[in-house]
Amino acid sequence: MAVTTRTQPPRRPPRRRRLLYRLRVLRHDPTALLGLVLVVLLAYLVVAPLVAVLSDAFRLQYGDEVHAGQQPGEWTGYYLWRVFRSPISGLLFWEPLVNTIVVAVGTTLFALLLGGGTAWLLTRTNVPGRGWLAGALVVPYMLPSWTFSLAWLTLFKNERSGGQPGFLQAQGVRTPDWLAYGALPIIVTLGLHYYPFVLLLVGNALRRIDAQLEDSARVLGAPRRTVVRRIVAPLMLPALSSAVLLVVGRVLGTFGTPYVLGLPADYRVLSTGLFQSIRDRGTGVASVLATVIVVIGVLIVFTDMRLVREHRRFVTVGGKGAMDRLGDLRRRWPAFALGLLVFAVSVLVPVLTLLLSTLTRTPLDLSTLTLDYWLAERLPGAVGFPHGVLRGPELWEAAWNSLRVVGVAALICAVVGLLIGYVVVRGTAPRIGGFLRQVSFLPYLVPGIAFAAASLSLFAVARGPVPALYGTTFLLILVMAVTHLPYSSRSGIAAMTQLGREPEEAAQIAGASWWQRMRRIVFPIQKGALVTGITLPFVSGLKELSIVIMLTTTGTELLTTLSIGLVDYGYTQLANAVVLVIALLSFTMTSLTQRLTKSGLASGLGG
């Protein structure tokens, strides 16, 4: 008779022992805990502002109860009706929407024409000075976007707006309103600023097309027009679509140029309409407008991603030497002169116009040369800013605020981006990694001025243990860091993917703690990614206006908001002087970035 014995299941260790074991594991490898902390942090700083602005669009705000017939805090469709269906909806939304579409389409066509033409010139021809032109033609990207608009005002401003008249007006030539303000100048100035995006994207795509495909088509008797239509154009579709959507997305969120050139003619776009609604304390209307801008921005980026997937079938396989074959220009020097003309119009003319305007009492009249706008202790007739920009404390305080806010934000951005990359690559929880990967990229989908409005909606009042942060430097740092996080997080993920686990595992066997491994191994090895993650947001943040225009107050003035404030006062020369300071800082930091990273924005285009 067989005797069966019942085996007892293994006894689980006591709860306290399990807890101690998990704590020891966390001490040696706190990646999971770090991931949870980052999830909570990004959920509050990225997702919560968007939820708050959406909530404000559907909850009645204080002061509107008489018009809506409801109590503050109740769910309401009043703001949707006011923006889309009310008698003033045309002024609030439909007219700015049409103006935004006109500006976006016009700017895109202008940038495509200028950027695509110069890209072809640099990558597919033997124009003289290709290397120099490649670097020179991306300089407009280093300048604040409204540099061109202030230069335009200096040249074409008429009596419609106050302050100093423009150069042509001072010479007795009256410029019409359509030339001085509105759609045409906005399109031209934004196109001059954004064409480097097209140049870089299209130029790099042209360099990758195998010239053997074109040669084979010509050998078979295909004319040049057919080669371009049947071979080059399909292969260029991904780059062209990305360039178009990138320019449209940037135009959607830009503020400085439409504000400077549109305000005198009451020409509103969505970004300036959003700013005006917040200035008028129309929180509900502003929330609806911000939501619309966010939705359009998200659709633009997802459209770009869809097009990229659709166009992956357009690939080429060929030799590197074949791709570098250049067409022989019959008129090489006229082509170089054309590239030089583009550089002059997009860089030299705006910068020299601003510089000369700050050195003359009458715009660009060399007989009235003066240094008063830079050095005078007292400017006659000036009230809000009664001295030269270098004399008073305003410029230095704004410069210090800019360097401090942007510097700290860039440092936070780089470190958090690398930590996100560490958790995504090293972590064992795919859901946490996926959440961090997607949410850290979310600010890229939202135009800057809309994300600033969302952050203002969340942090303008105290919510739970978090106090009201509006008007503080801390809020500027937070928003600046979050809006630039997509670039640093992608850089951190890419950098950590290239770093194997072996160095850390060896240090862990030797008894090094997690913090020691990060401080002695990961951070030193990834110092290149950290430097790039700091300098690029720093350069971009110095000339940022759309993100900070609604978040600064008197005590937190930045260089960009100081310049726009001087424009509001009508002090054109002083505003131009501040923009030149921003441009100098931006150009210097961009040059240092290129030296540190040993690369340039136009690397390879002219080589």
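A residue counts as buried under 20% relative accessible area, as exposed over 50%, and as partly exposed in between. This cut-off serves several of the exercises below, which concern a predicted model.

**Exercise 1. Two residues with positive phi**

Classify R281 by its relative accessibility, and then compare its setting with that of D266.

*Solution.*
Step 1. R281 is located in the loop between α14 and α15 (283-310).
Step 2. The relative accessibility of R281 is 76%, so the residue counts as exposed.
Step 3. R281 is not a glycine, and yet its phi is positive, at about 60°.
Step 4. D266 belongs to the loop between α13 (256-262) and α14 (270-279). Its phi is near 55°, again a positive value in a residue other than glycine.
Step 5. D266 has a relative accessibility of 45% and therefore counts as partly exposed.

**Exercise 2. Salt bridges**

State how many salt bridges the structure holds, and describe the pairs formed by R174, R268 and R361.

*Solution.*
Step 1. Side chains of opposite charge can pair when their charged atoms come close. The structure holds five salt bridges.
Step 2. One of them joins the side chains of R174 and E159, at 3.1 Å from N to O. This pair links distant parts of the chain: R174 sits in the loop between α8 (167-170) and α9 (177-180), E159 in the loop between α7 (147-156) and α8, and the two are 15 residues apart.
Step 3. R174 is partly exposed because its relative accessibility is 48%. E159, with a relative accessible area of 47%, is likewise partly exposed.
Step 4. D266, already met in Exercise 1, forms a salt bridge with R268 through their side chains, at 3.8 Å from N to O. R268 has a relative accessible area of 24% and is therefore partly exposed.
Step 5. In the pair of R361 and D372, the closest N and O atoms are 2.0 Å apart. Here too distant parts of the chain are linked, with R361 in the loop between α17 (332-358) and α18, D372 in helix α18, and their positions eleven residues apart in the count.
Step 6. Both partners are partly exposed: R361 has 36% relative accessibility, and D372 has 21%.
Step 7. Salt bridges with shared partners also join E159, R174 and D177 into one network.

**Exercise 3. A nonpolar surface patch**

Identify the residues of the nonpolar patch on the surface, and place L375 within the structure.

*Solution.*
Step 1. The patch is formed by L371, L375, L390 and W396. Together these residues have about 390 Å² of accessible area.
Step 2. L375 is part of helix α18 (residues 372-375).
Step 3. With 41% relative accessibility, L375 falls in the partly exposed class.

**Exercise 4. The packing of two helices**

Describe how helix α2 and helix α19 pack, and decide whether they are parallel or oblique.

*Solution.*
Step 1. Two packed helices are described by the angle between their axes and the distance between the axes.
Step 2. Helix α2 comprises residues 31-58 and helix α19 comprises residues 393-426. Their angle is about 125°, and their axes are 10 Å apart.
Step 3. An angle over 145 degrees would count as roughly antiparallel, and one from 65 to 115 as roughly perpendicular. The helices α2 and α19 are therefore oblique to each other.
Step 4. The crossing of these two helices, α2 and α19, is left-handed.

**Exercise 5. Contacts across the sequence**

For A495, G339 and R331, give the location, the exposure class, and the C-alpha distance to a residue far along the chain.

*Solution.*
Step 1. A495 is found in helix α23 (residues 485-497). Its relative accessibility is 10%, so A495 counts as buried. The C-alpha atoms of A495 and G421 are 7.5 Å apart, although 74 residues separate them along the chain.
Step 2. G339 is found in helix α17. With a relative accessible area of 2%, G339 is buried. From G339 to L137 there are 202 residues in sequence, but 8.1 Å in space from C-alpha to C-alpha.
Step 3. R331 occupies the loop between α16 (320-323) and α17. Its relative accessible area is 66%, and R331 is therefore exposed. R331 and V127 are 204 residues apart in sequence and 8.6 Å apart in space, C-alpha to C-alpha.

How values were computed: Residues are numbered from 1 along each chain as its sequence is written. This is a predicted model: local features need pLDDT of at least 70, side-chain atom pairs count only at pLDDT 80 or more; totals for chains, interfaces and linings use all residues. Side-chain values use heavy atoms; hydrogens and water are left out. Patches are made of residues with over 30% relative accessible area and no salt bridge: like charges are joined within 9 Å, nonpolar side chains (Val, Leu, Ile, Met, Phe, Trp, Tyr) within 5 Å. Accessible areas come from the Shrake-Rupley method with a 1.4 Å probe; for residues, only the protein chains shown count as cover. A salt bridge is a side-chain nitrogen of Lys or Arg within 4 Å of a carboxyl oxygen of Asp or Glu. Helices (H or I, at least four residues) and strands (E, at least two) are DSSP runs, numbered from the N terminus. Buried means under 20% relative accessible area, exposed over 50%, partly exposed in between (1.4 Å probe, protein chains only). Axes are lines fitted to C-alpha atoms, for helices over the stretch in contact, and angles run from 0 to 180 degrees between N-to-C directions. Angles under 35 degrees count as roughly parallel, over 145 as roughly antiparallel, 65 to 115 as roughly perpendicular and the rest as oblique. A crossing is left-handed if the near helix is turned anticlockwise from the far one by less than a right angle, and right-handed if clockwise.
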